[in-house]
Amino acid sequence: MNPITIHNLNFAYPGQPPLFCHCNLNIDDSWKLGLLGSNGRGKTTLMKILLQQLPVTGQITSQLQFSYFSLSIHDEKMFAYEAFNSCHSRQY
């Protein structure tokens with residue numbers, strides 16, 4: 001088991017209010033998770049933090065390698081799982 005542990009995470013973009021303020025989170029690597037939410041809520045920022053692309057205060061502990069796959073949804077009435085399935089059913 002390789003947990004992802006986030007302790008006292010703080011982050012704000014310059015001139016903006018804090019996006020993460022004293023956040024704590026423990027995630028088991030056996031969980032199957034996805035990040036869903038409205039625009040501007042911190043999904044991409046959290047992934048960039050996990051990928052060590054943004055400076056933060058606090059502690060993130062993990063021995064896992066993270067990957068980020070963005071997904072553009074063109075039909076705003078489509079459910080997330082439908083958009084994900086339609087994207088992955090295409091031939092590349």
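Let me start with Y13, which, once its neighbours within four places in sequence are left aside, is in contact with L19, T45 and L54. Please keep in mind throughout that what we have on the screen is a predicted model. Y13 lies in the loop between β1 and β2, and with a relative accessibility of 33% it counts as partly exposed. If you look for L54, you will find that Y13 and L54 are 41 residues apart in sequence, while their C-alpha atoms are 9.6 Å apart in space.

Now let us follow each of those three partners in turn, beginning with T45. This residue is found in helix α1, and the side chains of T45 and Y13 are joined by a polar contact of 2.7 Å. Is T45 buried or exposed? T45 counts as buried, because its relative accessibility is 7%, and the cut-off for being buried is under 20% relative accessible area. Not counting residues up to four places away in sequence, T45 touches F11, Y13, L19, F20 and L54, and I would ask you to hold on to that list for a moment, since several of these names come back.

The second partner is L19, which, like Y13, lies in the loop between β1 and β2. L19 counts as partly exposed, at 29% relative accessibility. Apart from residues up to four places away in sequence, what L19 touches is F11, A12, Y13, G40, R41, G42 and T45. For a sense of distance along the chain, L19 and H7 are 12 residues apart in sequence, and from C-alpha to C-alpha they are 15 Å apart in space.

The third partner is L54, and here the contacts, again leaving aside neighbours within four places in sequence, are with F11, Y13, T45, K48 and I49. So much for the small group around Y13.

Let us step back to the chain as a whole. Its secondary structure comes to two helices and three strands, and, read from the N terminus on, these elements run β-β-α-β-α. The chain has 92 residues, of which 20% count as buried. Its C-alpha atoms fill a box of roughly 40 × 40 × 20 Å, taken along the principal axes. If we take the contacts in the chain with a separation of 6 or more, residues 24 or more positions apart account for 46% of them.

With that layout in mind, we can return to helix α1, where T45, L46, M47, I49 and L50 are buried. What covers these residues? The cover of the buried residues of α1 includes β1, β2 and β3, the last of these being residues 57-61. Just past the helix, α1 is followed by Q52, which has a positive phi, near 60°.

Which residues make up the largest nonpolar core? There are 12 of them in all, namely I4, I6, L9, F11, F20, I27, L46, M47, I49, L50, L54 and F66. At least two residues of this core come from each of β1, β2 and α1. You will recognise L54 among the core residues, and L54 is also one of the contacts of Y13 that we began with.

Two residues in the strands deserve a word about their backbone angles. N8 is found in strand β1, and its phi is near 55°, which is a positive value in a residue other than glycine. N8 is partly exposed, with a relative accessible area of 32%. H22 has its place in strand β2, and the phi of H22 is likewise positive and near 55°, again in a residue other than glycine.

Finally, let us turn to the empty space in the model. Rolling a probe the size of a water molecule over the atoms shows where such space is left. The largest pocket holds about 1600 Å³ of space. It is lined by 43 residues, and those closest to its centre are L33, G34, L35, L36 and F69. Which elements give two or more residues to this lining? They are β1, at 4-11, β2, at 20-27, α1, at 43-50, and α2, at 80-88. As for the character of the lining of the largest pocket, its residues divide into 24 nonpolar, 12 polar and seven charged.

Key:
Residues numbered from 1 in each chain as written. Predicted model: local features only at pLDDT ≥ 70, side-chain atom pairs only at ≥ 80, totals over all residues. Heavy atoms only, no water. 1 Å grid on protein atoms, 1.4 Å probe; cavity = no way out; pocket = protein on both sides within 12 Å on 5 of 7 lines; lining within 4 Å. Points joined across faces, edges and corners; volume = space filled by probe spheres on them. Helix = DSSP H or I, 4+ residues; strand = E, 2+ residues; numbered from the N terminus. Nonpolar A, V, L, I, M, F, W, Y, C, P; charged D, E, K, R; others polar. Buried < 20%, exposed > 50% of the residue type's maximum accessible area, 1.4 Å probe, protein only. Contact = heavy atoms within 4.5 Å. Polar contact = N/O pair within 3.5 Å; in protein donor to acceptor, adjacent residues only side chain to side chain. Core = buried A, V, L, I, M, F, W, Y, C linked by side-chain atoms within 4.5 Å.
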